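Welcome, and thanks for taking a look. Please open the model in your viewer and keep it beside this briefing as you read.

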Amino acid sequence: MFRARIYHLSSHVGIGFSEPPSMSILPQHNHCLTRSPAHNPWHRKRIICSATTTPTKPKSSPNQLTFEPKFVTPPNLVTSMSTPPVLNDPSLQSTWSHRTWVATGCTTVLVSLAKAIAGAGHSHMWLEPMLAGYIGYILADLGSGVYHWGIDNYGDGSTPIFGNQIEAFQGHHKWPWTITRRQFANNLHALARAVAFFVLPVDLVCNDPTVNAFAGVLAGCIMFSQQFHAWAHGTKSKLPPIVVALQDVGLLVSRSQHGAHHRQPYNNNYCIVSGVWNEFLDKNKVFEALEMALYFKLGVRPRSWSEPTTDWTEETETASQVAVQ
């Protein structure tokens, strides 16, 4: 219920008021303002209108559907893209393409080492090639750590070039035992492809035994780092005795050392050739410094800064996922 007062100023033309369709005018008179020669053209006149409105509540029928607004929590549309491997999963098996690339990578490495040995024997100069090979072995461990740190912390499956490796390593953190189920060529083919493109030009144009020794050992250790990684996840009773001996003396990354990488906070022991760099890199927080530099330069946060999610939480191997050895 309300009362409205309306004030109007007459104009040069007539203004008429009629009853609005939604209210009744009390009293119901039609007032018309017209211009008359006998009157002042700017005569002011006041009109008072009283209006009464009565809100009506719609009648509901017993058979009429009624709708009431309600807040509904939207469904979770984010689903995990990775699924646990199953028995004899094809993604863990080698293909002929995998075998071809591994064979090509091994060939280029062997050619480089053969040229190094032949050149050293011909020149009777063994110390330099041996020292170069040792440096290649040491740098291969460092390189494996930097690469492992990078794909563990940055990018995803859609990242160009490295997307498949990133996705595979993320799945490896959730199901680390799968690496022991991967067939040899399946595990090595990605690195073997890179090694083939890197070492082949060296084989073709270089005859220096020192360079050949460095390139051959460095590339060979990088290519086989994934196999060393797999052995670090194996049980001692199932590993070849020579592998266990090399792990125990520190020439290959040990099971205990790499096992620390798969425990919280998941930001250490990245090197997977010999692990000789792990203590130095972790103690001096080298990777943390790199993460800070990248964050302040590019604004990118590494995954290691976030609380571990289910994607990083290790799932144990179930009986249905155990593959036949």
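The points below go from the whole chain to its helices, loops and side chains.

This is a predicted model. The protein chain has 325 residues, of which 34% count as buried, and its secondary structure comprises 9 helices and 6 strands.

**The chain as a whole**

- Taking contacts in the protein chain with a separation of 6 or more, 71% come from residues 24 or more positions apart.
- The exposed surface of the protein chain is about 21200 Å², and 63% of that area is supplied by carbon and sulfur atoms.

**Helix 2, outside and inside**

- Helix 2 covers residues 127-153 and includes Tyr134.
- Together with Leu131, Ile135 and Leu139, Tyr134 makes a nonpolar surface patch of about 370 Å².
- Ala140 also belongs to helix 2, but its relative accessibility is 0%, so Ala140 counts as buried, the cut-off being under 20%.
- Leaving aside residues up to four places away in sequence, Ala140 touches Leu218, Cys221, Ile222 and Val273.
- Ala140 and Ile272 are 132 residues apart along the chain, yet 9.2 Å separates their C-alpha atoms.

**Helix 5, covered and kinked**

- Helix 5 is mostly covered, with 17 of its 24 residues buried.
- Helix 5 runs over residues 209-232, and at 1.5 Å a residue those 24 residues should span 34 Å. The C-alpha atoms at its ends are 32 Å apart, which agrees with that expectation.
- If you follow the axis of helix 5, you will find a kink of about 45° centred on Ser225.

**Helix 9 and its surroundings**

- The 13 residues of helix 9 (residues 286-298) should span 18 Å at 1.5 Å a residue, and the end C-alpha atoms agree, being 18 Å apart.
- Gly299 comes just after helix 9 and takes a positive phi of about 75°.
- The structure holds 1 salt bridge. A salt bridge joins the side chains of Lys285 and Glu288, with an N to O distance of 3.9 Å.
- How accessible is Lys285, buried, exposed or partly exposed? Its relative accessibility is 46%, so Lys285 counts as partly exposed, a class that lies between 20% and 50%.
- Glu288 has a relative accessibility of 36%, and therefore also counts as partly exposed.

**Loop residues with positive phi**

- His124 has a phi near 55°, a positive value in a residue other than glycine. You will find His124 in the loop between helix 1 (96-123) and helix 2.
- With a relative accessible area of 68%, His124 is exposed, because the cut-off for that class is over 50%.
- Ile161 is another residue other than glycine with a positive phi, here near 70°. Its place is the loop between helix 2 and helix 3 (163-174).
- Is Ile161 buried or exposed? Ile161 counts as exposed, at 81% relative accessibility.

**Places to look in the viewer**

- For the covered face of helix 2, start at Ala140 and pick out the residues it touches, including Leu218 and Val273.
- For the nonpolar patch, select Leu131, Tyr134, Ile135 and Leu139.
- For the kink in helix 5, centre the view on Ser225.
- For the salt bridge, display the side chains of Lys285 and Glu288.

Technical notes:
Residues numbered from 1 in each chain as written. Predicted model: local features only at pLDDT ≥ 70, side-chain atom pairs only at ≥ 80, totals over all residues. Heavy atoms only, no water. Helix = DSSP H or I, 4+ residues; strand = E, 2+ residues; numbered from the N terminus. Buried < 20%, exposed > 50% of the residue type's maximum accessible area, 1.4 Å probe, protein only. Contact = heavy atoms within 4.5 Å. Areas by Shrake-Rupley, 256 points an atom, 1.4 Å probe, with all protein chains shown as cover. Patch = residues over 30% accessible without salt bridge, like charges linked within 9 Å, V, L, I, M, F, W, Y side chains within 5 Å. Salt bridge = Lys/Arg side-chain N within 4 Å of Asp/Glu carboxyl O. Expected span 1.5 Å × (residues − 1). Bend = angle between axes of the 7 residues up to and from the residue.
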